Amino acid sequence: YSTLSVNDQFVNWTADMLEGNDAAVAMRINLASLASSSFQGAYFFSNLHTLAVQQPPGQSRSLFVTNNNTSQTRVWDWVNSSSVAVGHDIDRGTIPTYDYTVPGSDGADWNARAAGGLTGEVITAAWSQNELIVANMNGRTECTAKCNTKTPTLKNIFAHPGVTLLKVNTTDWTVDQEFGDLWSTTMAISWPELGVAADGEIGLTFLASAENANPVAWAGYLNM
């Protein structure tokens, strides 16, 4: 799984490292080196599934985001003039990761790609006006005991799978508790994608459908 973003000085790139390694590589590629047909980058290893955050032009830092677990997000803040990224661990509400299947019109699960550990992981993130938006796919139920066993104790949270949104103030690294999740009592919502326009407005796309129907792409923007 790979992501890409850019600011005025660097191309930010990440890729998961599988083969039994619970890690990811995150790299800044100097734009000047690309212009001269060479390649200069700085990188560090961090958690598996680390994403490069989308951002508007004119920024002097790169942000990368990952989840330490289902209740804590880590943001790497990498100032352009520094060779070291600073990590910020941010506690938040637990993301429900169980029961995420959604039958389509043919009975097959159109959300099957959420299997394999992507439910509860950061799927997309965007940063604008010192506000970081992080989107995670979530399931219907949350594990409260005996997690990662064949008989977990589950608590129902949502009627359908949805998207857990986190809004972080990157000035003081606090969480905006008023920023709600993306969910519906009648439709399943999954596979979000965030983007930032030149004026800093954050757009959002996702797939959604009722059960036994085909998913439809939706698009809109977030009221910051």
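What percentage of the 224 residues in the protein is buried? I looked this up before anything else, and buried residues make up 46%. Buried here means under 20% relative accessible area, exposed means over 50%, and partly exposed lies in between, with a 1.4 Å probe and protein chains only.

**Ground rules.** I noted that this is a predicted model, where local features need pLDDT of at least 70 and side-chain atom pairs count only at pLDDT 80 or more, while totals for chains, interfaces and linings use all residues. Residues are numbered from 1 along each chain as its sequence is written, and side-chain values use heavy atoms, with hydrogens and water left out.

**Overall form.** I asked for the radius of gyration, taken over C-alpha atoms, and compared it with the globule rule of 2.2 Å times the number of residues to the power 0.38. A compact globule with 224 residues would come out near 17 Å, and the protein has 18 Å, which agrees. Along the principal axes, the C-alpha atoms fill a box of roughly 55 × 35 × 35 Å. I also looked at the surface: the protein exposes about 10,900 Å², and carbon and sulfur atoms supply 52% of it. Such areas come from the Shrake-Rupley method with a 1.4 Å probe, and for residues only the protein chains shown count as cover.

**Helices and strands.** I found 1 helix and 17 strands. Helices (H or I, at least four residues) and strands (E, at least two) are DSSP runs, numbered from the N terminus. Two strands pair if DSSP finds at least two bridges between them. A reminder to myself: strands of a sheet pair through backbone hydrogen bonds, either parallel or antiparallel.

**Strand β7.** I followed β7 (residues 72-79) next. Here 6 of the 8 residues are buried, so the strand is largely enclosed by the rest of the structure. Strand β6 (residues 61-69) pairs with β7 in the antiparallel sense over 8 bridges, and a hairpin of 2 residues joins them. I could place Thr 66 opposite Arg 74 in β7. Strand β8 (residues 86-91) also pairs with β7, antiparallel over 6 bridges, and this hairpin runs through 6 residues. Val 75 has His 88 in β8 as its bridge partner.

**An open sheet.** Which strands stand at the edges? I first noted the order β9-β10-β13-β14, an open sheet of 4 strands with antiparallel pairing. β9 (122-128) and β14 (174-175) are the edge strands, each with a single partner, so one side of each has no neighbour in the sheet. β9 meets strand β10 (residues 131-138) over 6 bridges in the antiparallel sense. In that pair, Val 122 stands opposite Asn 136 in β10.

**Another hairpin.** I then turned to strand β15 (residues 188-196) and strand β16 (residues 202-209), which run antiparallel with 7 bridges. Their hairpin has 5 residues between the strands, and Gly 200 in the turn has a positive phi of about 95 degrees. Glu 193 stands opposite Thr 205 in β16.

**The disulfide.** How many disulfides are there? I counted 1, taking a disulfide as a pair of cysteine sulfur atoms within 2.5 Å. The disulfide joins Cys 143 to Cys 147, with S to S at 2.0 Å. The link is left-handed, with -115 degrees about the S-S bond. Cys 143 counts as buried because its relative accessibility is 14%, and Cys 147 counts as partly exposed because its value is 37%.
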